[in-house]
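User: I am in my first year and would like a close look at one part of this protein, explained step by step. Please begin with the part I ask about and then connect it to the rest of the chain.

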Amino acid sequence: MKSTTELFVRLQKLMPAGTQPRFSSASELMEWQRQEGLKRAEEIEKENRLSRAQKILGRSGICDLHRNCTFNSYQVSNDGQKQALSLAKSYAQNFGNGFASFVFSGGCGTGKNHLAAAVGNYLLQRGHSVLVVTVPDLMLRIRECYDGGKSEAALLDDLCRVDLLVLDEVGVQRETRGEWVLLNQIIDRRLAAMKPVGVLTNLNHQELTKTLGERVMDRLTMDGGIWVNFTWGSYRKNVTHLRVVK
């Protein structure tokens with residue numbers, strides 16, 4: 001405290017006449033330093049979370065195809081899509097007020113990935129770490145751990161640190177007990193740590209319950225978790241901006 005007071009006195013002496021100091025006392029200077037230290041610590045933690053997300057699969061949390069997906073660019077042409085957009089936007093805006101998870105269920109090309117990426121991009125812009133990964137890619141990463149003589153524990157730990165983990169193509173994986181156990185481990189550990197999980201699937205509620213088990217499905221509904229059905233047809237045939245045909 002003495003050194004801070006002496007520093008403050010010296011600074012006052014160095015100030016040009018008529019200059020209004022930002023701090024009127026040594027205690028105010030100390031509080032400012034404390035607040036700046038907390039801000040920097042928070043920035044470093046955000047950077048670490050993002051780097052961990054990058055480390056898990058050797059790429060950023062959202063693939064290039066969906067990097068620019070936003071809520072505004074989601075095409076709405078029926079009431080179901082309007083409701084899906086509203087629920088996804090509400091989920092993103094209320095993220096952090098609890099640990100609610102979400103399940104987007106529907107056929108291919110119905111916009112599940114677009115809205116999940118819109119949620120992820122919204123959160124990334126606000127300093128959260130997000131990872132969207134397909135289950136087949138995740139299983140490949142696990143097998144690489146085995147082949148390299150590494151434990152899967154470190155990978156599971158990294159998956160549990162990400163603020164939002166979205167598992168895509170749930171139900172596409174081969175029906176082996178090892179993969180079922182791993183999916184259950186990931187979802188169970190994250191929800192036990194009060195970390196939300198997003199699930200993108202082509203399966204209906206009964207089929208997903210058979211795949212994940214009633215215990216995990218019950219946990220996905222904790223803290224107001226949401227289920228959104230994408231019941232309309234594929235929109236992919238209408239997408240023309242992905243390439244130029246000459």
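Which residues does histidine 114 touch, not counting residues up to four places away in sequence?

Analyst: Please keep in mind from the start that this is a predicted model. Leaving out the residues up to four places away in sequence, histidine 114 touches Cys69, Thr70, Ser73 and Tyr74. The place of histidine 114 itself is in helix 4, which covers residues 112-124. One of these partners deserves a second look, since the backbone oxygen of threonine 70 lies 2.9 Å from a polar atom of the histidine 114 side chain. Histidine 114 has a relative accessible area of 17%, and because buried means under 20%, this histidine counts as buried.

Another of the partners, cysteine 69, is also buried, with a relative accessible area of 9%. Cysteine 108, by comparison, has a relative accessibility of 49% and therefore counts as partly exposed, because the exposed class begins only over 50%. As for links between cysteines, a search of the whole structure finds zero disulfides.

To place this part in its setting, it helps to step back to the chain. The chain has nine helices and five strands, and, read along the sequence, these follow the pattern α-α-α-β-α-β-α-α-β-α-β-α-α-β. Of the 246 residues in the chain, buried residues make up 39%, and histidine 114 is one of the buried residues. Among the contacts with a separation of 6 or more, 78% are between residues 24 or more positions apart.

Valine 166 offers an example of a residue whose contacts come from several places along the sequence. Valine 166 is found in strand 3, which runs over residues 164-170, and its relative accessible area is 1%, so valine 166 is buried. Leaving aside neighbours within four places in sequence, valine 166 is in contact with Phe102, Ala116, Leu131, Val132, Val133, Gly198 and Leu200. One of these, Ala116, carries a number that falls within helix 4, the helix of residues 112-124 where histidine 114 has its place. The C-alpha atoms of valine 166 and valine 197 are separated by 5.7 Å, although the two residues are 31 residues apart along the chain.

Strand 3 also holds glutamate 169, whose phi is near 60°, a positive value in a residue other than glycine. At 33% relative accessibility, glutamate 169 counts as partly exposed, whereas valine 166, in strand 3 as well, is buried.

Methionine 194 shows a positive phi too, again near 60° and again in a residue other than glycine. This methionine lies in the loop between helix 7 and strand 4, the strand of residues 197-201, and at 53% relative accessibility methionine 194 counts as exposed, because the cut-off for that class is over 50%. Lysine 195 is found in the loop between helix 7 and strand 4 as well, yet lysine 195 has a relative accessible area of 21% and so is partly exposed. Not counting residues up to four places away in sequence, lysine 195 touches Phe99, Cys160, Arg161, Val162, Asp163 and Arg190. For one of these partners, valine 162, the C-alpha to C-alpha distance to lysine 195 is 8.1 Å, with their positions 33 residues apart in sequence.

Helix 7 comes before that loop and can be followed in the same way. Asparagine 184 has its place in helix 7, and at 12% relative accessibility asparagine 184 counts as buried. Apart from residues up to four places away in sequence, asparagine 184 touches Leu212 and Val216, and the backbone oxygen of leucine 212 lies 3.4 Å from a polar atom of the asparagine 184 side chain.

Helix 7, residues 177-192, also packs with helix 5, residues 135-147, at an angle of about 100° and with the axes 11 Å apart. Helix 5 and helix 7 are therefore roughly perpendicular to each other, because angles from 65 to 115 degrees are placed in that class. On the helix 5 side, Val135, Leu138, Met139, Ile142 and Arg143 take part, and they meet Glu179, Leu182, Leu183 and Ile186 in helix 7. The residues of this contact divide into seven nonpolar, no polar and two charged.

To return to your question, the partners of histidine 114 are Cys69, Thr70, Ser73 and Tyr74, and the polar atom of its side chain lies 2.9 Å from the backbone oxygen of threonine 70.

Methods: Residues numbered from 1 in each chain as written. Predicted model: local features only at pLDDT ≥ 70, side-chain atom pairs only at ≥ 80, totals over all residues. Heavy atoms only, no water. Axes fitted to C-alpha atoms, helices over the stretch in contact; angles between N-to-C directions. Helix = DSSP H or I, 4+ residues; strand = E, 2+ residues; numbered from the N terminus. Parallel < 35°, antiparallel > 145°, perpendicular 65-115°, else oblique. Contact = heavy atoms within 4.5 Å. Nonpolar A, V, L, I, M, F, W, Y, C, P; charged D, E, K, R; others polar. Buried < 20%, exposed > 50% of the residue type's maximum accessible area, 1.4 Å probe, protein only. Polar contact = N/O pair within 3.5 Å; in protein donor to acceptor, adjacent residues only side chain to side chain. Disulfide = S-S within 2.5 Å.
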